[in-house]
Amino acid sequence: MSQIYLDNAATTSVRPEVVEEMIKVLTHDFGNPSSTYSIGRHSKALIENARKSIAKHFKVSASEIIFTSCGTEGNNWIIRSAVRDLGIKRIITTKIEHHCTLYAVQQMEKEYGVEVVYLSILPNSEIDYDQLENLLNESEIPTLVSLMHVNNEVGTVLDLDRVAAMCQKNNALFHSDTVQSVGKIEIDLEKTPVDFIVASAHKFHGPKGAGFTFVRKKNALKPLIVGGEQEKGMRAGTEAPHQVVGMAKALELSYQHLEEDSKKIIDLRDYCKMSLEQNFPGVKFNGNGSTFYNVLNILLPFSPEKTAMMLFHLDMKGVAVSRGSACQSGSQKPSHVLAEFLKDEDLLKPSLRVSFGHDNSKEEIDFLINVLKNV
């Protein structure tokens, strides 16, 4: 049975060129990057070249890129250090963030008594920008605004420039979880004054276990992980050159092929949407605001009892899709994201997240539609 993979928001396949690059490093560059002899220095050079390569895509200094294991680590580090080390007393966020952000914020509220304000989510799944502006204008409390760029479940896109301008005007720090957007859209950090962003390589056809955090120079975060002077003293632990080199190669290829890949994916998404509307009268699409081009969150006009077995049935036919975040895949509760803006009766109906990649095809979409018709 062939596998049809339509869950690219959860993870992506690793590009063959990335695998080749990583094997080369694993084979020839095994030195510890912290060593002073030539084998170690060469490994260190690979890491620093990768850092420069990543930095140029965002028009920032290489010194502002810190390598981590994933987006979760980066989000936790930024939120904790902002409170612990930068004097943040209030965090403005939403209840539709990834759980690594939500739980980190809740932990800061518990440990440090930080005031947490959750923005309202409009029926189209967008934040209430006016509410955010009023909150920033009405108080001079040291504030961190933490809002994801592209929602991982419904694909709602935050107006990064608008929020950054609000924060800059009111001297608030701005952290954006950009895990779903890095590698899929250009982000110019020279033009857009975001203070912190995070990325995870496996979301843009790189290896798992590798990520990076951008920390603007003026914001002196302190380490989350201590024990060594790696990453300029910002993150202890022996670096993995093959992971870092693989991530830099994946990012380079993602931006190199961005125009052609995004056009193909938009075409696939539109074809899938049209096919669903033709075959399932009453189908709706969650998050009708400014949704990202590779994510389609589908509210199917099926009875609630179909929900539990639908993913199982799809999997038995070789189709990989999800209900939402992979981190919550074991939960039978309604999505915390959808619960913020869907009506109660719609929450009982089955919702599917279909997320597309450059290696998907219209034939795969046709197969998905046929399987859903059998359901």
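In this predicted model, α2 passes α7 in a left-handed crossing. Their axes come within 9 Å and cross at roughly 30°, with α2 covering residues 38–58 and α7 covering residues 241–256. An angle under 35 degrees counts as roughly parallel, so α2 and α7 go down as roughly parallel to each other. If you want to pick out the contact on screen, select Ser43, Leu46, Ile47, Ala50, Ser53, Ile54, His57 and Phe58 on the α2 side. On the α7 side, go for Pro241, Val244, Val245, Met247, Ala248, Leu251, Glu252 and Tyr255. Sorted by class, the contact of α2 with α7 holds twelve nonpolar, three polar and one charged residues.

Next up are α3 and α4. Helix α4 spans residues 99–112, and α3 packs on α4 at an angle of about 25° with the axes 9 Å apart. That angle is also under the 35 degree cut-off, so α3 and α4 are again roughly parallel to each other. The handedness of the α3 and α4 crossing is right-handed. From α3, the contact takes in Thr72, Asn75, Asn76, Ile79, Arg80, Val83 and Arg84. From α4, the partners are Cys100, Thr101, Ala104, Val105, Gln107, Met108, Glu111 and Tyr112. What does the class tally look like here? The contact of α3 with α4 splits into seven nonpolar, five polar and three charged residues.

While you're on α3, have a look at Asp85. This residue sits in helix α3, which runs over residues 71–86. Its side chain has a polar contact of 2.6 Å with the side chain of Ser81, and another, at 3.0 Å, with the side chain of Arg84. Arg84, in turn, is one of the α3 residues in the contact with α4. Is Asp85 buried or exposed? Neither label fits: its relative accessibility is 24%, so Asp85 counts as partly exposed, given that buried means under 20% and exposed over 50%. Asp85 also gives you a way back to the α2 helix: the C-alpha atoms of Asp85 and Ile47 are separated by 28 Å, with their positions 38 residues apart along the chain. Ile47 is one of the α2 residues that touch α7.

The third helix pair is α5 with α6. Helix α5 covers residues 129–138 and packs with α6 at an angle of about 15°, the axes being 10 Å apart. So α5 and α6 are roughly parallel to each other too, and their crossing is right-handed. Here Tyr129, Asp130, Leu132, Glu133 and Leu136 of α5 meet Arg162, Val163, Met166 and Cys167 of α6. By class, the contact of α5 with α6 has six nonpolar, no polar and three charged residues.

Now for the loops, starting just past α6. Asn171 lies in the loop between α6 (160–169) and β6 (173–177). Although Asn171 is not a glycine, it has a positive phi of about 55°. Glu231 is another non-glycine residue with a positive phi, this one about 50°. You'll find Glu231 in the loop between β8 (211–215) and α7. Which of the two labels, buried or exposed, goes with Asn171? With a relative accessible area of 72%, Asn171 is exposed. Glu231, on the other hand, has a relative accessible area of 3%, so Glu231 is buried.

Back towards the start of the chain, Thr11 sits in the loop between β1 (4–5) and α1 (16–28). Its relative accessibility is 17%, so Thr11 counts as buried. What does Thr11 touch? Setting aside neighbours within four places in sequence, Thr11 is in contact with Tyr5, His202 and Lys208. With His202 there is also a polar contact, side chain to side chain, at 2.8 Å.

Finally, jump ahead to Glu305, in the loop between β10 (295–299) and α9 (307–316). Glu305 has a relative accessible area of 61%, so Glu305 counts as exposed. Measuring from C-alpha to C-alpha, Glu305 and Ser355 are 24 Å apart in space and 50 residues apart in sequence.

Methods. Residues are numbered from 1 along each chain as its sequence is written. This is a predicted model: local features need pLDDT of at least 70, side-chain atom pairs count only at pLDDT 80 or more; totals for chains, interfaces and linings use all residues. Side-chain values use heavy atoms; hydrogens and water are left out. Helices (H or I, at least four residues) and strands (E, at least two) are DSSP runs, numbered from the N terminus. Buried means under 20% relative accessible area, exposed over 50%, partly exposed in between (1.4 Å probe, protein chains only). A polar contact is a pair of N or O atoms within 3.5 Å; within protein, one must be able to donate a hydrogen and the other to accept it, and residues adjacent in sequence count only if both atoms are side-chain atoms. Contact means heavy atoms within 4.5 Å. Axes are lines fitted to C-alpha atoms, for helices over the stretch in contact, and angles run from 0 to 180 degrees between N-to-C directions. Angles under 35 degrees count as roughly parallel, over 145 as roughly antiparallel, 65 to 115 as roughly perpendicular and the rest as oblique. A crossing is left-handed if the near helix is turned anticlockwise from the far one by less than a right angle, and right-handed if clockwise. Ala, Val, Leu, Ile, Met, Phe, Trp, Tyr, Cys and Pro count as nonpolar, Asp, Glu, Lys and Arg as charged, and the others, Gly among them, as polar.
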